Amino acid sequence: MAANKEASLSTSGLPGQAESPVDMEEWLHMYRQMFRIRSFEEQVNQLYTKAIMPGLAHLYIGEEAIAVGVCEALNKTDYITSTHRGHGHCLAKGASPDRMFAELLGKDAGYCRGKGGSMHIADQEGGNLGANAIVGAGAGIATGAAFSAKMRKSDQVAVSFFGEGALGQGLLYEVMNMASLWKLPILYVCENNLYNEYTPYKQTTAGEISARPAAFGIRVEEVDGQDVRTVHYTARRLIEYARAGHGPAFLLCNTYRYHGHHVGDINRTYYRSKEEELHWSTERDPLKMLATWLTEQGAADDSIINQIEKEAHAEIQAAVEFGIQAPYPDPKEVDEHVYA
Amino acid sequence: MSTHKTSAPATARVSRANGEPVHNKAEREITMAQAVREALAEEMRRDPRVFIMGEDVAEAGTPFKVLLGLVDEFGTDRVIDTPISEPGFCAIGVGAAMTGMRPVIDIMFGDFLTLTMDQIANQAAKIRYMSGGKFKVPIVFRTTLGATRRSAAQHSQSLHAWPSHVPGLKVALPSTPYDAKGLLKTAIRDDNPVVYFEDKMNFQTKGLVPEGEILIPFGVADIKRSGTDITLVATSSMVYVALGAADKLKEIGISAEVIDPRTLFPLDKQTLIDSARKTSRAIIIDEGYERYGVTGELASVIADGAFYYLDAPVKRMGAMDVPIPFSPALEDLTVPTAETVFQAAKTLCGRS
Ligand SMILES: Cc1ncc(C[n+]2csc(CCOP(=O)(O)OP(=O)(O)O)c2C)c(N)n1
């Protein structure tokens, strides 16, 4: 199968003649990654409904192609910053689901010893500088990481994932301005899932989104965020561009979250229709789209896809079990780690 | 006697009774501004990860000229002029600190802390804790405090109580050139976010400072003047106000001890308590707004630790609870002066 390389494609975002195509093995790997995220999030939802998980969580289901398509174009030593909807970014950057579940459940074995939880999960070894519960704040930190990478001449790139709601934050424009002035190696990835919480983004966002980074002289590409192949090829190009010292880039991904703003957001008809939800989950699903394409290419069939899903499901199942069984932190940890 | 808060001598000849180790190096008289510059230059020479970022910090050396000349030695790669984007460059500092650098972020006026509080209080202060101790954020936010510069309500505030309120931050506020140098060098080497305040009225104040290495540990108060009858705990330039008051008190036979905590967090509670136990009376003098302020916190430390030794309630003297007015006739009324402290101390000592 490895030899079965993708032929040159003409769809926008897909590789031109000169670019090296992606192995079918790699697409299968990305399918697995997307499925792991979906399976992880479905478990999170269950932990919430069964009242096992403290607090709330924001599910990434529907948006998997973005985290996976982008992170597969990164090195382990590259940085990302994430958001309140951050489990997908964290997994895609290489975190292991058992320690993630432990964190979400407030356990000592969690990535942050149970002190961060869903909205602050971070994985220093994997280059994830953290989810952030302040909308837009990750863009500042990622720009700082890119600044530091440039100062240290380290060849690292930083990626900041954020929802279109962050377009309302002045911080984003301040740091994009500096990133462009100083040619920082950063990719801003805007996940436009159409809603700032419960408000359609059209009500909050004037003009064209892509015109905003463009005004700072930042290279912008807009892609179908449900198509992992387009996301990946475009991200690869923009990350290479940033790494080569040409400056920041902005990747606008059009996407949709299938579930509520958070796990408790059940009745949504006052802000979006059931038909709209159904359209995205049936016609625009990133997993289905990739599976269909892989099958068409002869790179996969139902049994291969089923096998991947079965393995991933088992992994996530074991991970959630690990999280549930893991002990809580010792009470004496409460005032540890305030200062270094 | 002037009512102006900076009526204290221009040269900071204050003792270091609590003292740092005696230095063999030559001591020279330099200004607060020179001391700050010297600390930065020494740390930047020592550690290539240290850099300075802020508005007009490079060729202009800040509007206060404190950083003048640093760019000549370290270049614009390490002394970096930014757009007027306080949240933005503070955020870049935080991200850089998390990934191996040691930024010193220049916030021109302490009043602009209002714009940066998400970066300082929600990001820098919490990242270590939220990550379960994985990340550290070694960053210094250098800014100013202090009224009586006729700069009105948005350029005169002393907001050091704000970061002092937030776990995860350290706060230093030197009163003398010696302390300015020693505390800034310590701040830069600290692995935690430190907010460091200089009184903008004191940049030309002179004092003896040794050449080369001085590191003042955080959480060690300094007894600026020893006394037996009343304790005056004073921060930043209020130390000079307290020393001025102590001079006047001496004339009427009252011996005042003047203590400068130097860092609000960590706080050297014991030195404050010991002094109050000895003198049995205490006044806290600070230029932040009096209500819910530093004076309240320090007064409670003394009330708690020296209760059975006190002969009078602990007195608080902060800035008047009004936005700082422009008119000199009004502005001077809003901050403690040597005269007002003298009067309060006299009353506390039962002398009318
Ligand atoms: C500065 C700030 N304001 C408000 C909130 C509350 N809040 C949390 S998520 C959210 C909506 C974010 O929308 P978007 O950025 O599009 O991300 P999405 O949830 O759609 O992924 C809001 C308003 C917050 N966390 N931070």
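Reader: How many salt bridges does the rule find across the interface of chain B and chain A?

Author: It finds 0. A salt bridge needs a side-chain nitrogen of Lys or Arg within 4 Å of a carboxyl oxygen of Asp or Glu, and the rule finds no such pair across the interface of chain B and chain A. By the way, this is a predicted model, where local features need pLDDT of at least 70, side-chain atom pairs count only at pLDDT 80 or more, and totals for chains, interfaces and linings use all residues. Side-chain values use heavy atoms, with hydrogens and water left out.

Reader: What makes up the contact between the chains, then?

Author: Contact means heavy atoms within 4.5 Å, and 43 residues from chain B and 40 residues from chain A take part. About 3,100 Å² is buried between chain B and chain A, with carbon and sulfur atoms giving 68%. Buried area is the accessible area (1.4 Å probe) that two parts lose on being put together, summed over both.

Reader: Why is the pair of His84(A) and the ligand called a polar contact?

Author: A polar contact is a pair of N or O atoms within 3.5 Å; within protein, one must be able to donate a hydrogen and the other to accept it, and residues adjacent in sequence count only if both atoms are side-chain atoms. A polar side-chain atom of His84(A) sits 2.7 Å from a ligand oxygen atom, so the pair falls within 3.5 Å and counts.

Reader: Where does Gly165(A) meet the ligand?

Author: Through a backbone N or O atom, 2.8 Å from an oxygen atom of the ligand.

Conventions:
Residues numbered from 1 in each chain as written. Chains lettered and ligands numbered in written order.
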